[in-house]
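Student: Please take a close look at one part of this model. Show me how that part sits in its surroundings, and build the picture step by step.

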Amino acid sequence: MYKRIMVAVDESFMTSQVLSDAVALAKATGARLAICHAIDETILSNREVAMMLPNSVGKTEARLRMGAQGFLERLAGEARGQGVDAETRLIESEEKHVSDMLIAAAAEWQADLLVVGTHGRRGIERFFVGSVAERLVRKGQTSLLLVRGEDPDE
């Protein structure tokens with residue numbers, strides 16, 4: 001069935017459930033797992049931000065990368081501890097939307113399936129924030145598993 005499963009994680013309340021579902025599916029199918037995290041650097045590439053914080057943008061980007069890599073390695077360790085062959089992918093862009101980065105990463109890694117969480121945003125917040133999952137459904141070519149979740153703060 002699936003041989004290469006990529007799971008997209010962020011540092012939200014959904015990460016545990018999304019990873020758990022991806023690991024269970026990888027175990028059931030004997031698939032390899034790539035745990036992927038996207039760093040959206042679009043705000044840092046904004047000229048006005050760079051002018052206001054000329055010495056801080058590079059340091060901020062480095063801290064984001066270091067924190068994200070540690071986050072990914074911790075999750076990969078959890079997956080490996082459950083007997084799943086897992087690797088990590090850290091993707092970033094100053095120009096692309098997170099969904100476009102994930103589509104490209106899944107294609108590059110030749111994923112059979114992309115697993116992502118939905119945060120359950122509704123109404124005006126979703127209008128302004130947008131939905132990575134919705135964009136993946138519309139634009140992606142890789143099969144997609146959406147793990148639905150509701151914000152525990154609602």
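Tutor: Start with a definition: two strands count as paired if DSSP finds at least two bridges between them. Keep in mind that this is a predicted model. The part to follow is helix α4, residues 98–109. The sheet comes before the helix.

The protein chain holds six helices and five strands. From the N terminus on, the elements run β-α-β-α-α-β-α-β-α-α-β. Contacts often reach far along the chain: among those between residues at least 6 apart in sequence, 77% join residues at least 24 apart. Of the 154 residues, 36% are buried.

The five strands form an open sheet. Their order is β3-β2-β1-β4-β5, and the pairing is parallel. β3 and β5 (143–148) stand at the edges. Each has a single partner strand, so one side of each is left without a neighbour in the sheet. From one strand to the next, the twist averages 25°.

Now the pairings. In general, strands of a sheet pair through backbone hydrogen bonds. β2 and β3 run parallel and are joined by eight bridges. Here Asp40 stands opposite Ser93 in β3. β1 and β4 pair in the parallel sense over three bridges. Met6 has Leu114 in β4 as its bridge partner. β4 and β5 also run parallel, joined by six bridges. There, Gly117 has Val147 in β5 as its bridge partner. β4 is mostly covered, with five of its six residues buried.

Two helices can be placed on this sheet. Helix α1 (residues 15–29) packs on the sheet and touches β1, β2, β4 and β5. The direction of α1 makes about 175° with that of β1. α4 packs on the sheet too, touching β1, β2, β3 and β4. The direction of α4 makes about 150° with that of β2.

Next, the helix itself. Check the length of α4. At 1.5 Å a residue, its 12 residues should span 16 Å. The end C-alpha atoms of α4 are 16 Å apart, which agrees.

Which residues of α4 are buried? They are Val98, Ser99, Met101, Leu102, Ala105, Ala106 and Trp109. Seen down the axis of α4, these buried residues fall within an arc of 160°, so they line one face of the helix. The general rule behind such a face is simple. An α-helix has 3.6 residues a turn, so residues three or four places apart point the same way.

What does the buried face of α4 meet? Its buried residues pack against β1 (4–8), β2 (32–40), β3 (86–93) and β4 (113–118). They also pack against a helix, α6 (132–139). On the other side of α4, Ala107 and Glu108 are exposed.

Finally, the exit from the helix. Gln110 comes just after α4. Gln110 lies in the loop between α4 and β4. It takes a positive phi of about 60°, although it is not a glycine. Is Gln110 buried or exposed? Exposed means over 50% relative accessible area. At 57% relative accessibility, Gln110 therefore counts as exposed.

To put it together: α4 has one buried face, and its buried residues pack against four strands named above and α6. Ala107 and Glu108 are exposed on the other side. Past the end of α4, Gln110 sits in the loop to β4.

Definitions and conventions. Residues are numbered from 1 along each chain as its sequence is written. This is a predicted model: local features need pLDDT of at least 70, side-chain atom pairs count only at pLDDT 80 or more; totals for chains, interfaces and linings use all residues. Side-chain values use heavy atoms; hydrogens and water are left out. Helices (H or I, at least four residues) and strands (E, at least two) are DSSP runs, numbered from the N terminus. The expected span of a helix is 1.5 Å times one less than its number of residues. Buried means under 20% relative accessible area, exposed over 50%, partly exposed in between (1.4 Å probe, protein chains only). The arc is that of the directions from the helix axis to the C-beta atoms. Contact means heavy atoms within 4.5 Å. Axes are lines fitted to C-alpha atoms, for helices over the stretch in contact, and angles run from 0 to 180 degrees between N-to-C directions.
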